[in-house]
Amino acid sequence: MKTTGFMHSINTTNSAPLLSLPVVALICVGVITLSGIGGYMMAKKSPSVENATKGASIETSTSSGVKDKKTFKDSAEGIMKEGGIEGEGNFHLERPGGVSQNAYLTSSTVDLDKYIGKKVKVWGQTFKGQKAGWLMDVGLVEIQ
């Protein structure tokens with residue numbers, strides 16, 4: 001074999017493959033199997049969101065909802081009334097100071113119908129409303 005400068009010819013007739021096809025297939029099957037086992041073990045170890053919410057859920061004669069002060073950190077008190085304002089909220093709290101002080105409410109967690117006409121305190125998460133001065137997704141209701 002003759003070399004010239006930086007380039008030379010490579011004799012490919014004597015080269016053998018680094019790994020045979022059965023060895024590569026066995027490695028792939030092993031990696032997939034170990035990944036599946038690892039994923040299963042991690043899923044069994046970590047608590048699901050559903051279980052975390054179930055543990056914090058309450059339902060008594062005077063309150064219902066989810067005690068989650070990180071998510072539902074805003075609160076308001078007043079008389080629960082049916083009806084929102086121009087499509088925002090399904091209920092509202094009448095509060096001292098007139099209509100401008102109403103808190104408009106919606107909830108996917110609590111059945112607010114049970115509290116109509118009662119003085120309550122609600123905890124929830126405030127959202128920006130287009131028409132409502134205060135729009136809240138309620139997570140917990142307590143009769144006062």
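Colleague: What is the relative accessible area of Lys114?
Modeller: Keep in mind as we go that this is a predicted model. Residues under 20% count as buried and those over 50% as exposed, with partly exposed in between. Lys114 belongs to the partly exposed group, as its relative accessible area is 39%.

Colleague: Which residue meets the side chain of Lys114 in a salt bridge?
Modeller: A search of the whole structure turns up one salt bridge. Its N to O distance is 2.8 Å, and the partner of Lys114 is Glu59.

Colleague: How many residues apart in sequence are the parts that this pair ties together?
Modeller: Let's place each partner. Lys114 sits in the loop between strand 7 (103-106) and strand 8 (119-127), while Glu59 is in strand 3 (residues 57-59). The salt bridge therefore links parts whose separation in sequence is 55 residues.

Colleague: Is Glu59 buried or exposed?
Modeller: The cut-off for exposed is over 50% relative accessible area. Glu59 has 55%, so this residue counts as exposed.

Colleague: Which residue in strand 4 stands opposite Glu59?
Modeller: Strand 3 and strand 4 run antiparallel and are joined by three bridges. A hairpin of three residues leads from strand 3 to strand 4. Across from Glu59 in strand 4 stands Ser64.

Colleague: Which residues on the other side of strand 4 from Ser63 and Gly65 are buried?
Modeller: Strand 4 covers residues 63-66. Ser63 has a relative accessible area of 7%, so Ser63 is buried. Both faces of the strand are covered: Ser63 and Gly65 are buried on one side, and on the other side the buried residues are Ser64 and Val66.

Colleague: Which residues is Ser63 in contact with, leaving aside its neighbours within four places in sequence?
Modeller: Ser63 is buried, so it is natural to look for what surrounds this residue. With those neighbours left aside, the contacts of Ser63 are Ile58, Tyr115, Val141 and Glu142.

Colleague: What is the bridge partner of Gly65 in strand 9?
Modeller: Strand 4 is joined to strand 9 (residues 135-143) by three bridges, and the two run antiparallel. In strand 9, Gly65 is matched with Leu140.

Colleague: Which residue in strand 7 is the bridge partner of Phe91?
Modeller: Start one strand back: strand 5 (residues 74-82) and strand 6 (residues 91-94) run antiparallel with four bridges, and Glu82 has Phe91 as its partner in strand 6. Strand 6 also pairs with strand 7, antiparallel again, over three bridges. There, the partner of Phe91 is Leu105.

Colleague: How many helices and strands does the protein have?
Modeller: Reading along the sequence gives the pattern β-β-α-α-β-β-β-β-β-β-β. Each α stands for a helix and each β for a strand. The count is two helices and nine strands.

Colleague: What is the area of the nonpolar surface patch that includes Leu18?
Modeller: Leu18 lies in the loop between strand 2 (7-8) and helix 1 (21-45). This residue is exposed, with a relative accessible area of 87%. Together with Leu19, Val23, Val24, Ile27 and Val31, Leu18 makes a nonpolar patch of about 570 Å².

Colleague: Over which residues is the pLDDT below 50?
Modeller: The mean pLDDT of the protein is 79, and 80% of its residues reach 70 or more. One stretch falls below 50 and has one contact beyond near neighbours in sequence. Where pLDDT is low, the predicted coordinates should not be read in detail. The stretch in question is residues 47-55.

Note on methods. Residues are numbered from 1 along each chain as its sequence is written. Side-chain values use heavy atoms; hydrogens and water are left out. A salt bridge is a side-chain nitrogen of Lys or Arg within 4 Å of a carboxyl oxygen of Asp or Glu. Buried means under 20% relative accessible area, exposed over 50%, partly exposed in between (1.4 Å probe, protein chains only). Patches are made of residues with over 30% relative accessible area and no salt bridge: like charges are joined within 9 Å, nonpolar side chains (Val, Leu, Ile, Met, Phe, Trp, Tyr) within 5 Å. Accessible areas come from the Shrake-Rupley method with a 1.4 Å probe; for residues, only the protein chains shown count as cover. pLDDT is the predictor's confidence in each residue, from 0 to 100. Contact means heavy atoms within 4.5 Å. Two strands pair if DSSP finds at least two bridges between them.
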